[in-house]
Amino acid sequence: MRRPLTILISGVGVAGPALAYWLHRRGHRPILVERMPQLRVGGHAVDIRGTALEVVRRMGLVSAVRDARTQIDTLSVVRPDGRRTYDIRLRPSHETRGDHDVEIMRDDLVRILFDAIAEDVEVVFGDWLCAIAPHENGGVAVEFEHGSPREVDVVIGADGHHSSVRELTFGPEDRFTTHLGAYLSIYTLDNALGLADQAVLYNEPGRGAAMFTVRGNERAKAVLLFRSRPLDIDFGDPGMQWALLRERFDGMGWETARLIDALPHAHDFYFDEMSQVKMPYWSKGRVGLLGDAGFGPSPMSGQGTSLALIGAYLLAHHLSNTADPVEALALWESGFRQTVTQNQDLATGGLTALLPASRTAILARNQAVRMLPVLARLGLGFGGRVERASRAVILPD
Ligand SMILES: Cc1cc2nc3c(=O)[nH]c(=O)nc-3n(C[C@H](O)[C@H](O)[C@H](O)COP(=O)(O)OP(=O)(O)OC[C@H]3O[C@@H](n4cnc5c(N)ncnc54)[C@H](O)[C@@H]3O)c2cc1C
């Protein structure tokens, strides 16, 4: 073990606590700072696949994660009047699929990761970085909106898609994001349709509305997706986002009006653009970017959480085994970048499947879905690509 480092991590989502866990375990002193006054809730189910599940196993959290996994076993694609076009079995059974990958609500995963470090790591809620600069002693000088300035050895931005560490260190967001041509909203509502361990998806050209149950089936989550060129959106103004969703989903069939009516009552409203973060490099000096902040693949890839978990493990490994943090950050990036690219490339397939752009594309998607079991048996198709991408990296011990 090299000299213990004091490492400031911005963001208590998935990547931040996972990195703090591994750094603490290797004898370093991580400090987490989260902009929200408490853990940020919200979001859909996220997948922990392949190598990422091995990271969770090494954290001793596999049982906790499996116990909290979602129970949804069927996705029904429906017509405007709610009749089913077809059902997709999402897994043979909860027990067998659990060996390979785990689907879990983002909230539950964030809570499990946070509980694993809460007693050992300093966590500051309700504050954020407003200045980052090289310190004359060789470390990094940081200033907070509320707290006192500090000097640390390394700063890691794990503060998500709209990372302010990225903005402060590398420049404005639009230089590093690639818009995928769609927006996504997710929020909790009553399970008024009486769904049982089920997800329902309805598409019209360029628009998708879905509802799926959360554990126990008492509550459900609504998902609204629409294709669009980049819009000028104030992400801090939910009222503006509700108005936009009302306008975009006006007149849509199935139960969409019910989903829209529930918008103002949601305690965990989430709205974001579907875009990917592509940086020419993930670090500058002793400041690095992890997870969505540095290489967000977008929810359409289904791999953001797995990349955050694997990236955290590998980054802690390099920071612990290389004396110079700048070199450690460079080694981490050179070993992991290809895996990230392979996973980011999955996003377009996800968008085509969930949000077909035309009536013809909806019909083609429906036909293709019927072939899925055959393709899966042959290890081909989108499932095969996801499987290969999720195992593309080998973890050092
Ligand atoms: C509310 C929410 C819902 C999501 N829903 C989905 C989903 O349904 N499907 C999906 O695939 N992915 C979703 N994601 C993204 C998914 O969590 C990530 O792709 C993945 O888990 C990688 O996590 P991350 O830790 O890099 O980023 P995130 O999970 O986004 O975590 C970033 C954390 O940083 C905090 N933060 C932001 N700015 C600052 C700042 N300036 N200072 C300090 N802290 C800051 C945020 O509040 C958040 O807690 C969601 C993210 C959020 C925040």
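These legends walk through a few close-up views of a predicted model.

**View 1. Helix α1 and its cover.** Start with α1, the helix that runs over residues 15-25. How many of its 11 residues are buried? Nine are, so to say it plainly, the helix is mostly covered. Look for A15, G16, P17, A18, L19, A20, Y21, W22 and L23 to pick out the buried ones. The cover over these residues comes from several places, and it includes the strands β1 (6-10), β2 (29-34) and β11 (154-157). Helices join in too, among them α2 (50-58), α5 (106-117) and α10 (304-321).

**View 2. Just past the end of α1.** Follow the chain out of α1 and you soon get to G27. Here the backbone takes a positive phi, with a value of about 90°.

**View 3. The residues around the ligand.** Now for the ligand, which has 30 residues around it. Which of them come nearest? They are A15, E34, H44, S164 and D292. A15 is also one of the buried residues of α1, so you have met it already in the first view. Sorted by type, the shell around the ligand holds 13 nonpolar residues, 11 polar ones and six charged ones. β2 and α10 each bring at least two residues to this shell. The largest share comes from α10, with three residues.

**View 4. Polar atoms facing the ligand.** Zoom in further and you can pick out some single atom pairs. A polar side-chain atom of S164 sits 2.7 Å from a nitrogen atom of the ligand. R35 uses its backbone instead: an N or O atom there lies 3.2 Å from a ligand nitrogen. With V12, a backbone N or O atom is 3.5 Å from an oxygen atom of the ligand. As for how covered the ligand is, taken alone it exposes 920 Å², and the protein buries 94% of that.

**View 5. P149 in its loop.** The last stop is P149, in the loop that links β9 (140-144) to β10 (150-152). Is P149 buried or exposed? Its relative accessible area is 61%, and exposed means over 50%, so P149 counts as exposed. Setting aside neighbours within four places in sequence, P149 still touches V142 and E143. You can also find A131 in this view: it is 18 residues from P149 along the chain, and the two C-alpha atoms are separated by 9.2 Å.

Notes
Residues are numbered from 1 along each chain as its sequence is written. This is a predicted model: local features need pLDDT of at least 70, side-chain atom pairs count only at pLDDT 80 or more; totals for chains, interfaces and linings use all residues. Side-chain values use heavy atoms; hydrogens and water are left out. Buried means under 20% relative accessible area, exposed over 50%, partly exposed in between (1.4 Å probe, protein chains only). Helices (H or I, at least four residues) and strands (E, at least two) are DSSP runs, numbered from the N terminus. Contact means heavy atoms within 4.5 Å. A residue is near a molecule or strand if one of its heavy atoms lies within 4 Å of it. A polar contact is a pair of N or O atoms within 3.5 Å; within protein, one must be able to donate a hydrogen and the other to accept it, and residues adjacent in sequence count only if both atoms are side-chain atoms. Accessible areas come from the Shrake-Rupley method with a 1.4 Å probe; for residues, only the protein chains shown count as cover. Ala, Val, Leu, Ile, Met, Phe, Trp, Tyr, Cys and Pro count as nonpolar, Asp, Glu, Lys and Arg as charged, and the others, Gly among them, as polar.
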